[in-house]
Amino acid sequence: MLAQVIAGGLSAGSIYALVALALVITYKTTEVPNFAQGEMAMVSAFVAYILMTDYQTGFFVAFSVALVFAFVLGIGFEAVILRRVRNPTHLSVLVVTLGFQLALFGLAGWKWGAEQRQFPFPVSANEVIRVGDVSVSTLGVATILISVVLMVGVFAFFRFTKLGVAMQATQQDSMAARINGVPTRRVVGLTFGISSVIGAVAALLMAPVITLDTTLMWDPLLKGFAAAVLGGLNTPVGAVLGGYLLGLVENLFGAYISVEFKSAVAFLMIILVLCFRPSGLFGRHRTRKV
Amino acid sequence: MRSTPDYYSDVQLFRGRRSWVKLAVLLAVLAILPLILPGYRIFTFNYMAIFVIVGLGMNILVGDTGQVSLGHAGFLAIGAFTTVLMMTEVGAPFLLALPVGGLVTALFGFLLGLPALRLQGPYLAIVTLGFGLAVTQIIGHWELFGGHMGLVVPTATLGPISLSGDVSKYYLIVGTALVLALCARNLSVTRVGRAFRAIRDSEIAAATMGVNVAYYKTLSFALSAAFTGTGGGLLAITTGFISPGDFHFLLSLMFLAMVVFGGLGSIPGAVLGSIAMGYLNLEMDAFEELPLLGPVLESFSDGFMSSAGLPNVGWVVTGLLIVLTILIEPKGLHGLWIRLGKIVGRGGMDTDAATGALAGAGASSSSPGSASAGPGGPPAGGN
Amino acid sequence: MAFFAVEGLTKRFGGLTALDDVSFEVERATIFSVIGPNGSGKSTAFNCISGIHRPTAGSVQFDGEQISGLGPHHIARRGIARTFQNIELFGNESTIDNLMLGRHQHMTTGVWRGLAMLNGRTHAARDECENRARVQHILELLDLDAVRERPVRELPYGTQKRVELARALAMEPKLLLVDEPTAGMNAHERTELGEQLGRLRADLDLTILLIEHHLQLAMGLADQVLVLNFGKPIAQGTPEEVRRHPDVIKAYLGDG
C-alpha cells in the first residue's frame, strides 16, 4: 500500500517538478512569476492534438512541432509583452502574466470549447507494469523517466554549455553579466523559450492522463507554483524537490487521511512552511537595503 | 501662503455649490433609473453595484496597501454563505445577517493577513490563491453549506418591506454601494488610508514614522474582506441561489482586473472598472445578443473559432484589458482621465474646485484635493 | 545618565562585522556628528538605533529608557525620527501627505472615525485640520510650500532631501538622526541646509545625530564628533580634538 502510494506521488510529483522548474528559471532571471505558464503549455498541447487528429501526423512530428511552438510562444511573450511593461514593479509584472493567462485561456476556450478530448499518446495510461505488489501505469513510468531525463538535461545545460553559463550569470547579476559581454536581452528571451518548452512537456505528459481541455494545466500550474514556493522560487533544485515533496504529501494525505481535501492540503502545507521560512524551504531570504 | 486656517477644504468631499448640484443630479438619476429601465436591466445594475462594492474593497488592499490578492472570490463566498446561513439557520433578519456576513469575512481577512505579514509578491499571490480555492473546496464538501448543490436564498425582508423584486433590491444595493464609496473615500484621505499607502510605497519608512506595519497590513486585509463579504451577502439575495461553483478562481482574477483597469489606488477608477467588469461578466453568456457587435462576433465564431466557445470572449477581453492597461497606461482609467485633463487643459475644463484639483493632482491618486473621489465626482457621474 | 547613550553596539551580518563595539553619549540639544569612510558602519549604526536592524550586541539608552531590540515604530513613538541615505519617501504621495505621515503617531483617527468623517466638526476632520496646520508651519520653514501638492517622486533630488527632513521634523522628535542630508546638493544648498540644522537645534531644542560626508560641514556644526573606520570607533571628541587625532588623519589620508 505505502509503496503504491509513493509511486503515485512520484508520478504526480514529476509533473509538479517540471512546472516548478519552468517557473523558477524565468523567475530567477527576471523576477517575473509567470502565471501564464500553464495556459502557454495547454495551447502547445492543443497544437500537438490538432496535428495528430486533423492532419494525421505521427507522435514525433506532432510533439516536435508543439515544442517548437512552445519555444516561440515563450520568446514572443517575453519580447512582445513582458519587455514592454513600463516601470515594472512586482505587482505589475505579476498582473500582466495573469492577464496574458486569461487571454490565452479565453482564446483557447473560444476556439476549442469546453469539450474533453482523448489525447493520443505512445504509451498507455491503462497498461500496468508490476514490480512486486506495486503497479504503475506505463504512462506513469514514462512520466517519471522523461521528467528526470529532462531535468538532468536542463541542469547539465546550465552547468556545461556556454549559453547555459551565460544564463546563470544573468540570473545571478544581470548588470555584471551585461558588462562582461553577455547579451542579456537575448538570454532573457531564451530563458522564457526554454521555460515554455519544459512547461509544454509537462502538458503533453498530463493530457493523456486526464483528457485534454482548456483547464488542462490549472491544477498542475497551481501545484507547480506551490511546489516552487515550497522549495524556494530562486532555487531550481529546491523547486524540483518541492514538486516531488508536494506530490508525495498530497498522495499520502489522500490515501490515509482524506481524499476530499487532497488539493487543499497542498496550500495548507505551503502556508505553514512560509510562516516559518518566508522564502521557501531551500530559498534564501533577501532583505532590502536602506 | 495660507491666510485662512481652513484646512478642512483639503479633505472635504463636496466643496461649493456645484459639487452639491452634481451629487443631487447623480442621486436623482440613480433614484429614477429603476422606474424607467426594463425589468431585466435592473438586475444588471444590482449586479454591477455589487461589483463596485467588491472593487472598493480590492482597491483598499491592492491599490492602497499594495498587497496582491488572487483569492477575493473566497471572501465573496464567505460573505454570501454566512449571510444566508444567518438567515436560514439562526433565523436572523437580513438587516442583521448582512453585517454579520461582513464581519465574519473581515475575520477571515484578518487571518489571511497574518501570513501576509512575512510574505511578498509571488509568495503572497500563491497563498491568497490557495485560500480562495480552499474556501470553495471546503464549502463544497460541507453539508451545512449545501455541498456542491449550493443553497437557495430565502426572501430577505427589511422590517415590513419584502425584498422580493429587483427594484427594492436595487435601492438597497445601490444605496449600500454609495455609502461604502463615501466611507472608502473618507478613509483614504485620513490617517488610516495614508498609513496604507505609506506601506505600499516604503514599509521601512512607514515603520520609522511610527506606523505599526503589522497592524495596518492585517487591517487592510480585514477591511478589504469586509467590503467583499458585504458584496457577497448582497449577491446572495440578488441571485437567489448560491453554490461554491459561483466563486471560482477566474472571478478572483476579474476582481483584480477591475482595479487594475480602473487605476490602482483611485476610487473613481475602481468604481468605473468594477462597473465595466460587472457588465462584461454578466453579458458573457449572451454576447451574440449585443447590438451591432453581436452578429459580427457570431459570424466570426462560426468561421474561425467555435460558436459554443463564444462566452470565452469575455475572458479574452478581460485578459487583454489587463495586459493593455499595464503596457499602455499603468494607472488605468484614472490615468487616462488625468491625461485627458492635461490635453484639454485646465482652462477648458470645469473651473469647479473639485475637478480642477483632480486634474492638477498629476499622477497622485492620493492628493487631498481629489475631491471627486466619491460618488459625486465627474468620472463616477458617468453611470 | 546621558540623554542618549549607545554602549557596546555591535552588528554582524553573517561573517561580516559591520559595527564593532561602538559606544558614545550625546547630550540634550547638541549636534553629534558621525564621520568615516564609505562602509565604515555609519548607516548600520543608524539602522540599529532606529530599530530597522536588531543589534547583535550592545544597548541603546534614550531618555532614561532602554530602546534596543524594540521595533522601529515603537522607537519612533519614543521620539526618534530619521532620514535615509538613499531617500525613502512615499513617492506617489504629495509633499503634504508625506509630512502628514510624520504626524501619524500624534493623530488619533482610527478606522471608524475615518470612515465616518461626515463634516468639518467630526473628530477625523478636526484631527486632520489641527495636524495640517502644524505641518504647514514646517512646510514654510523649509520652503516647501510651493510643492505642497506635488507627488514627491516628481521633485528634484535636493528638494526630496528637504522633504525627508521636513517629514522627520513633522514627527516632533526629541532626537533626530540625519543620514547624509547634503548628498547631491551644490555648495549653496549645502550651506543653507547646514544653517537650517543649526537653527533647528536652537529653536526646537532638538538633539541631532548627523552622518555627513562633507567634513567641513560635519565638523562645523558638531559639538562632538565620532569617527568610525571598518565598524570600529577610532576617535571621539570635539571637532578640534578629532581633527588632530593621528588615527583619523591616517584613516582619511590612507583612504586616499
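Of the 383 residues of chain B, 63% count as buried, where buried means under 20% relative accessible area, exposed over 50% and partly exposed in between (1.4 Å probe, protein chains only). The secondary structure of this chain comes to 16 helices and four strands; helices (H or I, at least four residues) and strands (E, at least two) are DSSP runs, numbered from the N terminus. Among the chain B contacts between residues at least 6 apart in sequence, 76% join residues at least 24 apart, a contact being heavy atoms within 4.5 Å.

A word on conventions before going further. This is a predicted model, in which local features need pLDDT of at least 70 and side-chain atom pairs count only at pLDDT 80 or more, while totals for chains, interfaces and linings use all residues. Residues are numbered from 1 along each chain as its sequence is written, chains are lettered from A and ligands numbered from 1 in the order in which they are written, and side-chain values use heavy atoms, with hydrogens and water left out.

Now to the cores. A nonpolar core is a set of buried Ala, Val, Leu, Ile, Met, Phe, Trp, Tyr and Cys residues joined through side-chain atoms within 4.5 Å. The largest one has 248 residues, and A:Phe119 and B:Phe94 touch the most other members. Helix H3 (residues 39–64) of chain B gives this core its largest share, 14 residues. Beyond its neighbours within four places in sequence, B:Phe94 is in contact with residues including B:Met87, B:Pro99, B:Leu163 and B:Ile237.

Which chain does chain B meet with 40 residues of its own? The partner is chain C, which brings 49 residues to the contact. Chain C and chain B bury about 3900 Å² between them, 60% of it on carbon and sulfur atoms; buried area is the accessible area (1.4 Å probe) that two parts lose on being put together, summed over both. Four salt bridges are found across this interface, each a side-chain nitrogen of Lys or Arg within 4 Å of a carboxyl oxygen of Asp or Glu. In one salt bridge, the side chains of C:Glu93 and B:Arg197 meet at 2.8 Å, N to O.

Chain C also offers two sheets to look at. Two strands pair if DSSP finds at least two bridges between them. One open sheet has four strands in the order E2-E1-E4-E5, with antiparallel pairing. Strands E2 (16–26) and E5 (65–66) stand at its edges with a single partner strand each, so one side of each is left without a neighbour in the sheet. Seven bridges join E1 (residues 4–13) to E2, and C:Phe4 stands opposite C:Val26 in E2.

The other open sheet has six strands in the order E6-E7-E8-E3-E9-E10, and its pairing is mixed. Its edge strands, E6 (80–82) and E10 (232–237), each pair on one side only. Strand E3 (residues 31–35) runs parallel to E9 (residues 224–229), joined by four bridges, and C:Ile35 stands opposite C:Val227 in E9.

Finally, here are two chain C residues that have a positive phi without being glycine.

| Residue | Phi | Loop | Relative accessible area |
|---|---|---|---|
| C:Asp143 | about 60° | between H5 (123–141) and H6 of chain C | 60%, exposed |
| C:Phe230 | near 50° | between E9 and E10 of chain C | 66%, exposed |
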